[in-house]
Protein chains: 4
Amino acid sequence: MIYFESDYNNGAHPMVIEHLVRTNDEITQTYGFDSYSQTAKEKIKQACNCPDAQVFFLTGGTQTNATVIDGMLQSYEAVVTVETGHISIHEAGAVEASGHKVIALKDHDGKLLAADLRAYMDWFVNDESTEHLAQPGMVYISFPTELGTLYSANEIADIHQVCQDFGLHFFIDGARMGYGLAASTDITLPWLCQHCDVFYIGGTKVGALCGEAVVFTHQNVPKHFFTIIKRHGALLAKGRLTGVQFDALFSDNLYLRISRHAIDMAMRLKEMLKNKGYQLYIDSPTNQQFVVIPNKKVKTLEKKVCFTHWGPYDQDNMICRFVTSWATTDADLDALKKAL
Amino acid sequence: MIYFESDYNNGAHPMVIEHLVRTNDEITQTYGFDSYSQTAKEKIKQACNCPDAQVFFLTGGTQTNATVIDGMLQSYEAVVTVETGHISIHEAGAVEASGHKVIALKDHDGKLLAADLRAYMDWFVNDESTEHLAQPGMVYISFPTELGTLYSANEIADIHQVCQDFGLHFFIDGARMGYGLAASTDITLPWLCQHCDVFYIGGTKVGALCGEAVVFTHQNVPKHFFTIIKRHGALLAKGRLTGVQFDALFSDNLYLRISRHAIDMAMRLKEMLKNKGYQLYIDSPTNQQFVVIPNKKVKTLEKKVCFTHWGPYDQDNMICRFVTSWATTDADLDALKKAL
Amino acid sequence: MIYFESDYNNGAHPMVIEHLVRTNDEITQTYGFDSYSQTAKEKIKQACNCPDAQVFFLTGGTQTNATVIDGMLQSYEAVVTVETGHISIHEAGAVEASGHKVIALKDHDGKLLAADLRAYMDWFVNDESTEHLAQPGMVYISFPTELGTLYSANEIADIHQVCQDFGLHFFIDGARMGYGLAASTDITLPWLCQHCDVFYIGGTKVGALCGEAVVFTHQNVPKHFFTIIKRHGALLAKGRLTGVQFDALFSDNLYLRISRHAIDMAMRLKEMLKNKGYQLYIDSPTNQQFVVIPNKKVKTLEKKVCFTHWGPYDQDNMICRFVTSWATTDADLDALKKAL
Amino acid sequence: MIYFESDYNNGAHPMVIEHLVRTNDEITQTYGFDSYSQTAKEKIKQACNCPDAQVFFLTGGTQTNATVIDGMLQSYEAVVTVETGHISIHEAGAVEASGHKVIALKDHDGKLLAADLRAYMDWFVNDESTEHLAQPGMVYISFPTELGTLYSANEIADIHQVCQDFGLHFFIDGARMGYGLAASTDITLPWLCQHCDVFYIGGTKVGALCGEAVVFTHQNVPKHFFTIIKRHGALLAKGRLTGVQFDALFSDNLYLRISRHAIDMAMRLKEMLKNKGYQLYIDSPTNQQFVVIPNKKVKTLEKKVCFTHWGPYDQDNMICRFVTSWATTDADLDALKKAL
């Protein structure tokens with residue numbers, strides 16, 4: 001079987017698992033006060049070139065979204081996103097479980113347009129009845145988006161401006177941050193730190209066994225965030241588990257290097273699909289590729305290749321998702337080529 | 001000033017306030033166990049021709065929606081409605097405050113189409129990933145809708161069928177139930193009891209000072225619903241307050257009689273607007289009329305008439321809402337006619 | 001039957017119901033923006049001699065507690081009270097329903113001791129592990145307490161001091177505020193305004209059909225409290241219902257006058273019980289009297305008198321609660337005297 | 001430094017980390033559908049001798065408690081425990097965050113007495129007012145308790161009987177299950193499966209980097225528990241992380257073997273403390289030992305030994321906690337002996 005199903009079918013990157021092994025016998029502080037967590041936080045702050053950053057490690061994406069959103073919002077506040085936003089759909093109502101409404105604006109290939117956000121907020125602050133509504137308190141976007149697309153620096157800066165104009169927190173879901181950074185031509189971690197309030201650097205999909213590094217960008221971590229994490233069931237007793245992994249990922253530029261490999265593989269994959277005559281469902285520059293495949297072909301293909309049925313394209317064709325990762329090999333692509 | 005702003009600008013209907021006065025000196029049981037609450041419940045069951053009905057009184061619409069939805073859903077379940085649904089927008093996130101996601105499908109002039117619901121549920125039960133989503137557990141519609149439109153009996157029966165096919169509770173918000181029944185040609189309380197799991201009969205907008213009568217239609221009240229009401233801060237110590245009012249409203253057919261008057265007034269209003277050359281924004285058979293008025297005219301009109309700015313129609317025109325109620329008089333309409 | 005069961009068996013005080021009738025035909029603004037609500041708020045601010053006060057009307061006690069506590073606390077904060085506190089027990093978990101823990105310290109005849117609170121907070125701020133705990137954010141007491149007892153001015157001032165020392169909000173549940181004020185020798189509304197952050201003036205148990213007036217004492221109402229009220233299902237469309245009632249209660253000193261009557265009746269009742277040789281379970285200066293009655297006597301007495309079984313005192317005796325109110329008459333007491 | 005601070009200062013047991021390394025290069029299913037998770041579940045069911053068991057892996061103790069409790073309770077239900085229960089205090093209000101009250105009965109050296117529970121429930125079902133209270137839906141105990149004490153089989157069976165008599169779920173927190181089983185003379189996993197509804201087998205404190213195995217004992221897993229886990233932010237994308245670790249822990253009886261070692265070390269420690277003349281604060285048969293140490297001695301001791309200040313014993317003495325684990329060595333004990 002050849003795997004293009006997701007970017008979390010593999011274990012950890014070898015350098016990550018080795019670091020876990022190397023440090024395993026040490027006795028450390030608990031709850032994230034161990035030296036590896038501390039070092040990893042420093043390395044991330046350096047990679048962000050942001051001394052004012054405050055870094056916390058959580059375990060997975062949904063947990064991180066729910067904890068950060070609940071931590072930054074007042075009880076009566078809602079988070080604004082797009083209809084394709086991960087928190088809108090695929091998180092089992094985890095944001096609502098903390099009492100917060102998710103307001104979903106129309107997406108444009110997975111992206112939120114600053115102009116749509118501004119129009120919504122203009123209406124909100126001018127309409128007479130909006131004290132009867134959940135109050136927008138935060139904007140959430142994903143970089144890259146759930147459809148593999150990427151915001152340009154200008155697009156994010158524009159959203160950031162709207163957020164500042166209306167006093168909204170701006171939060172960027174970076175479950176696939178590495179792949180976004182590797183594919184982007186104008187966005188870096190230091191740039192991001194200047195253009196949002198909080199984001200996270202996904203580990204689970206980029207070489208770790210688990211772990212997301214939340215970065216508050218300007219000393220703006222919510223008061224008692226440690227307690228908030230615990231209240232969400234998200235505090236690891238052995239915080240070293242995530243600390244050690246991020247310590248490895250942020251040594252020798254590992255995080256970006258393995259992300260770039262995934263993007264190289266994705267671009268080869270995309271070229272291959274186009275050469276084989278398949279229609280791209282969306283033009284994605286990142287490690288998720290969406291392609292239209294005839295239903296009959298899907299049936300034969302999935303005997304050899306593991307990929308995701310995204311949904312029907314029309315009666316005869318299906319939208320399929322192929323995902324590369326740091327672990328994808330040339331051999332995988334060659335095998336896929338044969339199978340296509 | 002002439003008032004067409006809402007159907008809750010007035011006090012109680014004279015018969016309702018009189019009943020409150022008449023019973024005021026009596027000593028009664030508390031928490032809804034008083035004789036007036038009991039009698040009112042019996043009268044409602046009779047009006048519904050539904051011996052299996054279970055009736056509870058709550059204070060207002062948002063409270064009723066939040067309490068019923070939370071009472072009937074499991075923690076991980078969501079409620080499905082349309083984008084214009086009151087719970088989608090105008091309830092300050094009260095449903096989400098209890099942890100439940102509101103899933104909003106496209107509306108058609110404020111209505112949910114059974115076909116849309118079926119398509120959504122077909123997708124939901126067949127898609128591989130939906131265990132990662134909030135689970136739809138209930139369908140919520142409003143009768144009449146937030147845009148004044150009305151479902152036909154067939155339309156509701158079709159939605160009911162989808163709910164039964166997929167094991168969803170079916171809940172009808174009747175904040176303006178009286179006006180809906182008075183305007184409908186084919187829907188009655190007994191018919192409703194056969195075609196949904198729970199609905200409520202709005203009092204606040206139809207002659208009471210406060211109060212909504214929730215009707216569970218087939219002995220299906222959630223276990224410990226009394227405790228659930230209390231937990232939602234919705235239990236009146238002097239339950240007689242709502243009991244007495246509904247006792248009056250369901251005596252001598254008062255509820256339907258005053259509702260019909262409001263519909264008569266609304267139809268005269270609608271005719272008047274059309275005769276004056278105004279474009280209806282929506283063709284509403286009920287007590288809410290939406291009409292397009294030039295911005296300039298709005299400015300002069302609102303010096304004499306109180307109505308609601310619903311939103312901009314285009315740059316030069318505004319959608320305005322005019323509402324009649326049991327208290328609207330011919331004199332009000334005559335005065336409006338002059339002002340238009 | 002003679003009623004000493006509770007202080008909410010009656011309808012409204014005659015002056016209150018008359019005011020509802022007198023104003024019933026007027027057309028008013030909705031959601032508490034009517035002139036009666038505005039006037040009532042001004043009257044309450046004057047009675048409090050507190051121009052910085054901000055007043056809101058809610059419907060009942062549990063609703064008020066849940067809304068105020070949730071409105072003032074951050075998500076991760078808890079409210080500290082005593083084991084007999086109403087929010088600890090008799091509110092069906094309404095505070096927890098908004099995600100807040102109730103921390104219950106030992107009570108002393110229903111009262112919280114400032115010294116106990118200080119000891120708890122001293123421990124809390126010094127213990128190493130308390131970032132793992134819900135963070136105390138508010139202190140809640142009842143005046144009078146659930147056992148009918150009263151705090152002295154000194155006792156409340158001491159609690160207030162602890163709250164200020166540790167940055168805790170201080171909230172006083174005044175479901176029976178009138179009876180407390182009438183019985184107290186040293187506490188008045190203006191004094192209360194100087195010694196807590198927020199309290200409420202109970203209407204439901206003191207002459208209204210429903211309604212509690214929340215007083216934030218120093219321009220400290222939580223941001224978007226209107227939205228918070230709506231989110232809790234606690235916003236009345238016809239806000240006039242509570243506004244008109246409090247307008248009556250705070251005219252001509254009605255609220256305090258009728259409260260004093262209840263205390264006079266309670267003191268006669270207490271004397272009567274002592275003269276008959278019954279043991280008081282607690283020495284209460286307010287309108288709730290707790291007395292120990294032999295089980296056999298309970299059985300015969302409850303054929304003529306309605307009162308509450310509070311719980312077993314020992315195998316042969318029961319603690320019974322007798323409650324007076326603004327509506328209790330000399331005739332009621334005479335009849336009880338005969339029955340005892 | 002010698003570490004007796006907690007049982008989670010170390011990394012994973014060598015066999016556990018080795019299994020993670022050995023399996024790291026494999027491509028597996030996600031979200032717990034990998035073969036290692038499946039195998040681990042089978043091994044646990046076999047260790048429990050319980051074919052009807054249903055096993056789920058979560059990450060940590062607070063997360064597990066919050067998820068299981070919320071999953072099994074209705075919204076209006078509370079969980080009953082003791083005042084020293086972990087969920088009562090040390091979980092930052094995580095149970096309340098899902099809307100559930102924690103009802104805390106008096107503990108007896110950390111244990112819940114069946115008689116106390118029965119008395120509480122007898123009162124609850126007979127009292128007239130309890131529909132106004134959060135409804136007890138579950139009993140939670142810890143094995144071993146937070147104070148290191150152990151229930152006997154009879155004590156647990158008695159609690160189980162009360163739960164069955166009153167229709168309460170019975171949940172056992174096994175964060176230190178291995179140490180409890182190793183220290184107990186009459187309780188085994190198969191026995192536990194017959195005497196509660198759900199329990200968990202702690203991995204984090206017994207050899208894993210993270211992970212708790214929840215065991216529903218009689219095909220009683222809540223509907224959509226997968227969705228419930230996701231909604232709590234507790235679903236690992238790489239479920240293999242916990243699956244592989246439990247696969248190792250339940251091979252060759254590793255879990256019990258390493259637990260027994262910790263108990264052996266704890267008994268040596270206890271003997272040593274007693275021989276040195278220290279007073280035990282509590283007589284614990286498990287890996288947590290509580291001892292009274294003069295404040296002065298604490299100051300000198302903590303320069304060499306890491307342990308926990310549990311709280312003041314009196315003005316001059318402190319209660320200190322020493323914890324052994326699978327990783328404690330004879331050398332650690334020898335070094336401690338010198339330092340004492």
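This report describes the chain contacts, domains, sheet, helix packing and unusual backbone geometry of a predicted model.

Residues are numbered from 1 along each chain as its sequence is written, while chains are lettered from A and ligands numbered from 1 in the order in which they are written. As the model is predicted, local features need pLDDT of at least 70 and side-chain atom pairs count only at pLDDT 80 or more, whereas totals for chains, interfaces and linings use all residues.

## Chain contacts

Start with chains A and D. A rotation of 180 degrees, with 0.0 Å of shift along its axis, superposes chain A on chain D at an RMSD of 0.0 Å. That is the relation of a two-fold axis. Copies are superposed by least squares on the C-alpha atoms of residues with pLDDT of at least 70 in both.

The A-D contact takes 42 residues from chain A and 42 residues from chain D. Here two residues are in contact if their C-beta atoms, placed from the backbone, lie within 7 Å. On the chain A side, α1 (14-23), α3 (61-72), α5 (94-97) and α10 (225-231) each supply at least two residues. Helices (H or I, at least four residues) and strands (E, at least two) are DSSP runs, numbered from the N terminus. Of the interface residues of chain A, 100% are also interface residues in chain D, so the copies meet through the same surface.

Chains B and A also touch. This contact takes 16 residues from chain B and 16 residues from chain A. Chain B can be laid on chain A by a turn of 180 degrees and a shift of 0.0 Å along the axis, with an RMSD of 0.0 Å. Again the copies meet through the same surface, as 100% of the interface residues of chain B are also interface residues in chain A.

## Two domains in chain A

Chain A is divided into domain 1 (2-7 + 254-339) and domain 2 (14-249). The bounds come from an automatic or database domain assignment. The C-alpha centres of the two domains of chain A lie 27 Å apart. Their contact takes 18 residues from domain 1 and 19 residues from domain 2. On the domain 1 side, α12 (254-275) and β10 (288-294) of chain A give two or more residues each. Helix α12(A) gives the most to that side, with 8 residues.

## Residue classes of the contacts

Ala, Val, Leu, Ile, Met, Phe, Trp, Tyr, Cys and Pro count as nonpolar, Asp, Glu, Lys and Arg as charged, and the others, Gly among them, as polar. The table gives the residue counts by class.

| Contact side | Nonpolar | Polar | Charged |
|---|---|---|---|
| Chain A, touching chain D | 18 residues | 18 residues | 6 residues |
| Chain B, touching chain A | 7 residues | 6 residues | 3 residues |
| Domain 1 of chain A, touching domain 2 of chain A | 10 residues | 6 residues | 2 residues |

## The sheet of chain D

Chain D holds an open sheet of 7 strands with mixed pairing, in the order β2-β8-β7-β6-β5-β3-β4. Two strands pair if DSSP finds at least two bridges between them. The edge strands are β2 (54-58) and β4 (102-105) of chain D, each pairing on one side only. Neighbouring strands of the sheet are turned by 25 degrees against each other on average, direction ignored.

Strand β3 (residues 77-82) of chain D pairs with β4(D) in the parallel sense over 4 bridges. In this region D:Val79 stands opposite D:Val102 in β4(D). Helix α2 (residues 35-47) of chain D packs on the sheet and touches β2, β7 (198-202) and β8 (212-216) of chain D. The direction of α2(D) makes about 125 degrees with that of β2(D).

## A helix pair in chain D

Helices α6 (residues 114-126) and α7 (residues 153-166) of chain D pack at an angle of about 10 degrees, with their axes 9 Å apart. That makes α6(D) roughly parallel to α7(D) (angles under 35 degrees). Axes are lines fitted to C-alpha atoms, for helices over the stretch in contact, and angles run from 0 to 180 degrees between N-to-C directions.

From α6(D), the contact residues are D:Ala114, D:Leu117, D:Arg118, D:Met121 and D:Val125. From α7(D), they are D:Glu155, D:Asp158, D:Ile159, D:Val162 and D:Phe166. By class, the contact has 7 nonpolar, no polar and 3 charged residues.

## Backbone geometry

The peptide bond from B:Phe143 to B:Pro144 is cis, with omega near -5 degrees. B:Pro144 lies in the loop between β5 (135-142) and α7 (153-166) of chain B. In chain D, a cis peptide bond joins D:Phe143 and D:Pro144, with omega about -5 degrees. D:Pro144 lies in the loop between β5 (135-142) and α7 of chain D.

D:Tyr31 is a residue other than glycine with a positive phi, near 60 degrees. D:Tyr31 is found in the loop between α1 (14-23) and α2 of chain D.

Technical notes: Parallel < 35°, antiparallel > 145°, perpendicular 65-115°, else oblique.
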